[in-house]
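Got your viewer open? Let's walk through this one stop at a time, selecting as we go.

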Amino acid sequence: MTCFFCKGSMVESTTIHTVELKNCIVVIKNVPCLKCDQCGEVVINGEVAQRIEQIVAGFEKALTEIAVVNYSAA
Ligand SMILES: [Zn+2]
C-alpha cells in the first residue's frame, strides 16, 4: 500500500486517536494503523475504526472530561 498523499510506503504502526464527544474527550492509545514513512499520514482500517466506535460509545455518558484508554486493553 502506498500513501494517498505522497506515494510513500505505508508501514504498520500504532497511533494515538482522539475523539471529541459533547462532554468528554476520549484519547485512545496504541491504535493499530498504517503510517506513511515519508509524511506521517495515518490510515486506520475499518475493523479498527469500528472497535474505536464501540470503545467511544462506552464513554458517551461518562462524567469525566478526559478519558484515556489503551486500545489493546479496552
Ligand atoms: Zn505520505
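Does C39 count as buried, exposed or partly exposed? Select C39 and switch on a surface: its relative accessibility is 44%, so C39 counts as partly exposed. Keep in mind that you are looking at a predicted model.

**Stop 1: the zinc ion**

Keep C39 selected and add the zinc ion, plus C3, C6 and C36. The SG atoms of C3, C6, C36 and C39 coordinate the zinc ion at 2.3 to 2.4 Å. Try the angle tool next: the four donor atoms subtend 99 to 118 degrees around the zinc ion, which makes the arrangement tetrahedral. For reference, the ideal angle for four tetrahedral donors is 109.5 degrees. Along the chain, the donors are spaced as C-x2-C-x29-C-x2-C. C3 sits in the segment before β1 (10–20), while C39 is in the loop between β2 (25–36) and β3 (42–43), so this pair ties together parts that are 36 residues apart in sequence.

**Stop 2: around C39**

Now look at what surrounds C39. Setting aside residues up to four places away in sequence, C39 touches C3 and C6. Select F5 as well: F5 and C39 are 34 residues apart in sequence, yet their C-alpha atoms are 8.2 Å apart in space.

Colour the cysteines by accessibility. C3 comes out at 1% relative accessibility, so C3 counts as buried. C36 is at 3% and therefore also counts as buried, in contrast to C39 at 44%, which counts as partly exposed. One more cysteine to click is C24, which is buried with a relative accessible area of 3%. If you go hunting for disulfides, the structure holds zero.

**Stop 3: the nonpolar core**

Leave the metal and select L21, V26, I28, V31, I52, V56 and Y71. These are the residues with the most contacts inside the largest nonpolar core, which has 13 residues. To see where the core comes from, show the cartoon for β2, α1 (46–57) and β4 (66–70): these elements each give two or more residues to it. The biggest contribution is from α1, with four residues. As background, nonpolar side chains in soluble globular proteins tend to be buried together.

**Stop 4: V26**

Which residues does V26 contact, leaving aside neighbours within four places in sequence? Centre on V26 and you'll find H17, T18, V19, L21, V56, F59, A67 and V69 in contact with it. Two of the names there, L21 and V56, are also on the list of residues with the most contacts inside the core.

How values were computed
Residues numbered from 1 in each chain as written. Predicted model: local features only at pLDDT ≥ 70, side-chain atom pairs only at ≥ 80, totals over all residues. Heavy atoms only, no water. Donors = N, O, S within 2.8 Å, 3.2 Å for Na, K, Ca; no water. Tetrahedral: all angles 85-135°; square planar, octahedral: opposite > 155°, others 65-115°. Buried < 20%, exposed > 50% of the residue type's maximum accessible area, 1.4 Å probe, protein only. Contact = heavy atoms within 4.5 Å. Core = buried A, V, L, I, M, F, W, Y, C linked by side-chain atoms within 4.5 Å. Disulfide = S-S within 2.5 Å.
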